[in-house]
Amino acid sequence: MSDIQQELLGQVVAAQKNNEPLALLGSGSKRFLLPSECDSGQTVDLTRHHGVVSYEPTELVITARGGTPLAEINELLNEHNQMLPFDPPMFDGKGTVAGAVAMGLAGPGRPWRGAPRDAILGIKLLDGEGRIVEFGGQVMKNVAGYDITRLMCGAMGTLGVLLEVSIRLIPKARVERTLRTGMGYDESRQLMNSMRSQSVPLTGAFWYKDQLHLRLSAASETALNKLQQQRVGGEWLADNRVWQQLRDQQHEFFTPADSQSLWRISTPPAAEVPQQEQHLLDWGGAQHWIIAQGDWREPLNAIASAARGHAQPWFSTPKIASTGNEVIKQLQVNLEEVFNRNRIFNPGCCNG
């Protein structure tokens, strides 16, 4: 056991003994997404526990300590033309692998390449009892404990300290280009819905201000040119930077005024969601970003409910709390009884 890991263990044991909360903190790149209650307690700096433990390019798997920067991992994977399938948001560029898993966020390729929970093969966890436990492994066939690893995705650090994470990788496409075409909201939704049932090499699709962007990834240019000529039209962009801007919320859309709030509505891709005045549609129709004036909880929750989805305030001034789901809250409480009995890790983060 390393000195840093021993120190983390000592902090957890002491906090459990004294029934004191701990605020688990990586780089802080996603702190703006958490309730203010998560800031209570002694801060535990997880960035010091970093470094790649193992990387097998031929096996398409990497194991890294929780505090390892995503930028460092991406740089290593780029050398072998590989990538994290869920392409986690980087925001300020300082995010860590444990933070990416804990928040459960995925980039624009989510519907085609999967979420963090689909790529996590195994974890090493420091739980609230001061136990270091391991679940899963480094290959897909190691299914023992596989569902436990998925529980950590989106748990916001409330179930323990992620010491190590093993992730399944994917090769990068040989050819990846962005097609942009002028198209209205309803027409774009219909086109994206039809593409899901067809053999189109699509790995990204978003609509904004009557412009539809499609990211196409293939082994050659031939398939991409055929799609442009026969189905969509439009023009190829000179580069693919728009997807990184969208992933990291550096796109021009993500600049609400001080009196406005940014909402995320997640729905089934074919769900009917009325177009709003300030609206960006991502994930091929499954993720709606909406900028609203003031507190729009009731109307946006109603829109999400009618579409069999979920509405979440992303950021606002003042901060608007998510109402959550009572069933999910109870599940969270039950899980914390097992992994975090006295709720010392990030209390209040999941509103449980």
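This report walks through one helix, two hollow spaces and a few loop residues of a predicted model.

**Helix H1**

Let's start near the N terminus, with helix H1, which runs over residues 3–18. It has 16 residues, and at 1.5 Å a residue these should span 22 Å. The C-alpha atoms at its ends are 23 Å apart, so the expected span and the model agree.

Which residues of H1 are buried? They are Gln5, Leu8, Leu9, Gln11, Val12, Ala15 and Gln16. These residues cover an arc of only 160° around the axis, so they sit on the same side of H1. Turn to the other side of H1 and you find Asp3 and Lys17, both exposed.

What lies over the buried residues of H1? The cover includes five strands: E1 (22–25), E2 (42–45), E6 (120–126), E7 (132–136) and E8 (161–168). Right after H1 comes asparagine 19, with a positive phi near 55°.

**The largest cavity**

Now for the inside. Searching the whole structure turns up one cavity of 30 Å³ or more. The largest cavity holds about 380 Å³ of space, and 29 residues line it. Nearest its centre are Leu24, Gly26, Ala98, Gly99 and Ala102. Two or more lining residues come from each of E1, helix H3 (97–103) and E8. H3 is the top contributor to the lining of the largest cavity, giving four residues. E1 and E8 turn up here as part of the lining, and they are also among the strands that cover the buried residues of H1.

As for chemistry, the lining of the largest cavity is made of 13 nonpolar, 14 polar and two charged residues.

**The second largest pocket**

The second largest pocket has about 480 Å³ of space. Its lining counts 18 residues, and the closest to its centre are Met83, Asp87, Lys172, Glu176 and Arg247. At least two lining residues come from each of helix H2 (70–78), strand E5 (82–83) and helix H9 (241–247). H9 has the largest share of that lining, at four residues.

How do the lining residues of this pocket divide by class? Five are nonpolar, five polar and eight charged.

**Loop residues**

A few residues in loops deserve a look too. Most residues other than glycine have a negative phi. Against that background, asparagine 81 has a positive phi, near 55°, and so does arginine 308, near 60°. Asparagine 81 belongs to the loop that links H2 and E5, two elements that also help line the second largest pocket. Arginine 308 is in the loop between helix H10 (297–306) and strand E17 (310–315).

Aspartate 92 sits in the loop between E5 and H3. Its C-alpha is 9.3 Å from that of glycine 28, although 64 residues separate aspartate 92 and glycine 28 in sequence.

How accessible are these three loop residues? The table has the values.

| Residue | Relative accessible area | Class |
|---|---|---|
| Asparagine 81 | 40% | partly exposed |
| Aspartate 92 | 43% | partly exposed |
| Arginine 308 | 65% | exposed |

The classes follow from the cut-offs: exposed means over 50%, and buried means under 20%. At 65%, arginine 308 therefore counts as exposed, while aspartate 92, at 43%, is partly exposed.

Conventions: Residues are numbered from 1 along each chain as its sequence is written. This is a predicted model: local features need pLDDT of at least 70, side-chain atom pairs count only at pLDDT 80 or more; totals for chains, interfaces and linings use all residues. Side-chain values use heavy atoms; hydrogens and water are left out. The expected span of a helix is 1.5 Å times one less than its number of residues. Buried means under 20% relative accessible area, exposed over 50%, partly exposed in between (1.4 Å probe, protein chains only). The arc is that of the directions from the helix axis to the C-beta atoms. Contact means heavy atoms within 4.5 Å. On a 1 Å grid over the protein atoms alone, a cavity is a set of points where a 1.4 Å probe fits but cannot get out, and a pocket is an open set with protein on both sides within 12 Å along at least five of seven lines; lining residues have an atom within 4 Å of a point. Grid points are joined across faces, edges and corners, and a volume is the space filled by probe spheres set on the points. Ala, Val, Leu, Ile, Met, Phe, Trp, Tyr, Cys and Pro count as nonpolar, Asp, Glu, Lys and Arg as charged, and the others, Gly among them, as polar.
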